[in-house]
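Open the model in your viewer and keep the selection panel at hand. The stops below say what to select next and what is there.

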Amino acid sequence: MSVKEKIAQLREQIDMHNHRYYVMDDPIIGDAEYDSLFRELQSLETRHPELQTADSPSLRVGAAPLKVFAEVQHRTPMLSLNNAFSEGEVRAFDARIRESLGMDEIEYAVEPKFDGLAITLSYREGVFVKGATRGDGSVGEDVTENLRTVRDIPLRLKENIADVELRGEVLMFNRDFEALNASQRAKGDKEFVNPRNAAAGSLRQLDSRITAARKLSFFAYALGYCEGVTLPGEHHQQMALLQSWGVSVTKQRRVVRGVEGLLEYFRDMGEMRASLPFAIDGVVYKVNDTVLQQRLGFVSRAPRFAIAHKFPAEEASTTLLGIDIQVGRTGALTPVARLAPVFVGGVTVTNATLHNEDEIRRKDVRIGDTVIVRRAGDVIPEVARVVLERRPSDAREFVMPTVCPICGSHVSKAEDEAVSRCSGGLFCPAQRKQALLHFASRRAMNIDGLGDKLVEQMVDASIIRTPADLYRLGILAIVNMERMGEKSAVNLLAAIEHSKQTTLARVIFALGIRNVGEATAKDIARHFGSLDAILAADEDALLQVRDVGPVVAKSIVSFLQEPHNIEVLEQLRACGVMWSEHEMQSTVEQPYSGKTFVLTGTLISMSRDEAKERLEALGAKVSGSVSKKTDFVVAGAEAGSKLEKAQTLGVTILDEQQFTRLLEIN
C-alpha cells in the first residue's frame, strides 16, 4: 500500500471513529487504539507534508454536530490536547516549552483529565444564556435547555460579568452512574457502558426532563472569552476567580514547578484514581502564566502550552475459550474473544475484541491460550498479547470463515484492508438497518420521513427485509408503528411513491456498495449510461471510469456477483422504480470537464447541493478541500479557511455574482 493510500485509509477510519464517539456516543474501539491511529496519521503527514489536506482529521477535533440540535458557532475554537503516554514524552514536552521560552524552569497548573463531555457556557451580565457541546471544535450543538438542568452549573454568576464564556466538562459521578444503571435494569432498559457515555447520552436528550432526571455534574477548566473584568495572569488564579463566581472547579488542581513536579502529580493522581468519586483517564498540564501561553501559541489542533498525560491501560490475564464472529452494520466481520471471566478496569470482562484476522496472526492468538486483556475505561476490552510460556499443547489456530455466518454470502478482504467483509449488502440481516437507512437517505433515494426509529421498528417486526419491500408497504403496516399517525403514514407513502422516479446515479449510490460514494456513482452512471451495462461490466471495464481504481472496481464486482443483490435490483424494477437510461451519458465535451471547484461559505441564490449539481452537469468535479489542483473556489458569505487557503495558493476565486454569471453563460 502506498503512503497516500495508507493516509487515506487512516483518515477514513478516524472520521468513522470520531462520529461513533462524539456524535453517536457508541464507540467501537478504546482510547488507546484511537490514539494509535491518530498518532500514525500525524507521523505520516509530518513525514509527507505534501499529502496534508485541509480536511484531514488531524486538523480537526471531534465530529459534526447532530442535526436535531441548532448549531452554535464558537467565538474561539474549542481545541483538543495532544497526548503523552510516557515519562519520556512528558520530559520532551517540558524541554520544548523551556527551549521556546528560553527559561530554566516552568511553573505549571495541573488538574485531572475528566472522562466526560466538553462544553462551553456563555453568560451575559452574569446570566447563563447559552450552552453548547464542542462539536467539531468550531461549531457545536446547542444544548442550553439541558444544561440548565445540571445543578452544578450556576444560572447566574455571583459577579455581574458583562460577557464571559466558560469551558468545562459535564460528567456523571460514579454513584450517580450506578444508580442510573440500577434504574435502567429495574425498567428492563439497556444499561450504559460507562459514566462518560451516560453523561453524553443524557446531555443530548431532546426532552430536557429526561436530562433533569439524571444527575449530571460539571467542572470548569478554562476561560474561553471574557469581557468586563480584569483577569489574573495565571491559569490557577483564573480558576480560583471562577470559583469565587460560583462555578465548580476541581479540588484536585495544583501548581507545580518543573518536569519532576509534573511526574509527581501524575503518580499521586494515579494512586488516588480508584478513590475519586468520578472517572478520569489521565491528567492535564498547562503552563500557568497566561502571557507565556500566548507566546507559545497553538499548532493546528491543539495548544503548545498544554498536554494530556494519559494513564496506562489496565491489564489482567485470563483464558481464551473461543473466538466468535460478529457482523457489523457495514458488513465488517470482527473476531471476538470469548474469555473466562476476569475483573479488569473496574468491570468483569467475558468478551474482548481481536480487531481482525491480521491482528490475530500478528499476535499469534490461539484458542486455549492464556491472554492479557487490556481495559482502562475503554468501551471495548481488547486482547493485548499472548502469554506464550503458558500455551497448552492443544491450542488451536483460528480460521476466518469464507462465508458470512449471518446470511451465507461470500466473505472478501481487499488487498489494502485488514477487515474482512460480507458481500451480502442489501440482503444480509446484520447490515439490513444500515442498508435501508442509506438507501432512503437524502442523497440516495430521498425518502423523506424514513428515519432510524421507524426503520428499526419495521426491520425488527420483519415488515421490511430489503429496499424493495419499502415499495410494497401499505398504510396499515405503517400506521401501526410507534409514533406514526395516519397523516405521517400517508406522507411517508407519498415520499416512497415519489422516489420511484429517480436517476441512475442515485440508484447506484443507494445500493451502498463499499467505496462507491455519490461522486463515483455519478461517474459510473455517466460512463455506462444504463444499469444493464453496469451489470455486464468486469473490473477492466470499470477501471475505464474516471476516478475508479482497482479497490473501487473490485468492490463493485464483488457486490454485483452476489445473486441476492441482483435479485433486489430486479425487485426494485418490478416495484416500479424507474430511471431514464443513458441519462448521464454524453458524447459532447462539457464546458468544465477536468476542472475542479470548491464551494465555501453561504450562497444566497441557491443551496450548496444545487450549486454542486449544476457544476457537475457542466462536467466539473466538486471537491471538499482546496489544493494546488483546485481550479476555482466559489466564495459565498462568511467564507472561512478554504478562501484563505485559495488566496495563499493563488487559486481563482469567484464571488456569488460571478459564479451565477458563469452558470448562465453555460
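Search the whole structure for disulfides (a pair of cysteine sulfur atoms within 2.5 Å): the count is 0. This is a predicted model, where local features need pLDDT of at least 70, side-chain atom pairs count only at pLDDT 80 or more, and totals for chains, interfaces and linings use all residues. Residues are numbered from 1 along each chain as its sequence is written, and side-chain values use heavy atoms, with hydrogens and water left out.

Select two cysteines next. Cys226 is partly exposed, at a relative accessible area of 22%. Cys575 counts as buried, at 15% relative accessibility. The cut-offs: buried is under 20% relative accessible area, exposed is over 50%, and partly exposed lies in between (1.4 Å probe, protein chains only).

**Stop: a parallel sheet**

Helices (H or I, at least four residues) and strands (E, at least two) are DSSP runs, numbered from the N terminus. Select β23 (596-600), β25 (632-635) and β26 (652-654), and add β24 (621-623). These 4 strands form an open sheet with parallel pairing, in the order β24-β23-β25-β26. β24 and β26 are the edge strands, each pairing on one side only. From one strand to the next, the twist averages 30°. Two strands pair if DSSP finds at least two bridges between them; β23 and β25 have 4. Zoom in on Thr600: its bridge partner in β25 is Ala635.

Now show the helices. α22 lies across β23 and β24, at about 170° to β23. α24 lies across β23, β25 and β26, at about 90° to β26. Axes are lines fitted to C-alpha atoms, for helices over the stretch in contact, and angles run from 0 to 180 degrees between N-to-C directions.

**Stop: helix α24**

Select residues 656-665, helix α24. Which of its residues are buried? They are Glu656, Phe659, Leu662 and Leu663. Look down the axis: the buried residues fall within an arc of 120° (taken from the directions from the helix axis to the C-beta atoms), so they line one face of the helix. An α-helix has 3.6 residues a turn, so residues three or four places apart point the same way. The buried residues pack against β23, α22 (608-617), β25 and β26, with contact meaning heavy atoms within 4.5 Å. Flip to the face turned away from the buried side, and you find exposed Gln657, Glu664 and Ile665. At the helix start, a side-chain oxygen of Asp655 comes to within 3.2 Å of the backbone nitrogen of Gln657. That kind of polar contact is a pair of N or O atoms within 3.5 Å; within protein, one must be able to donate a hydrogen and the other to accept it, and residues adjacent in sequence count only if both atoms are side-chain atoms.

**Stop: a mixed sheet**

Go to the open sheet of 5 strands, ordered β2-β11-β10-β3-β9 with mixed pairing. Its edges are β2 (83-84) and β9 (254-257). β3 (107-114) runs antiparallel to β9, joined by 4 bridges. Glu107 has Arg257 in β9 as its bridge partner. Helix α8 (235-244) lies across β3, β9 and β10, at about 55° to β3.

**Last stop: a hairpin**

Select β12 (315-327) and β13 (332-344), antiparallel over 7 bridges. They form a hairpin with 4 residues between them, and Gly331 in the turn has a positive phi of about 90°. β13 also pairs antiparallel with β14 (347-353), over 6 bridges.
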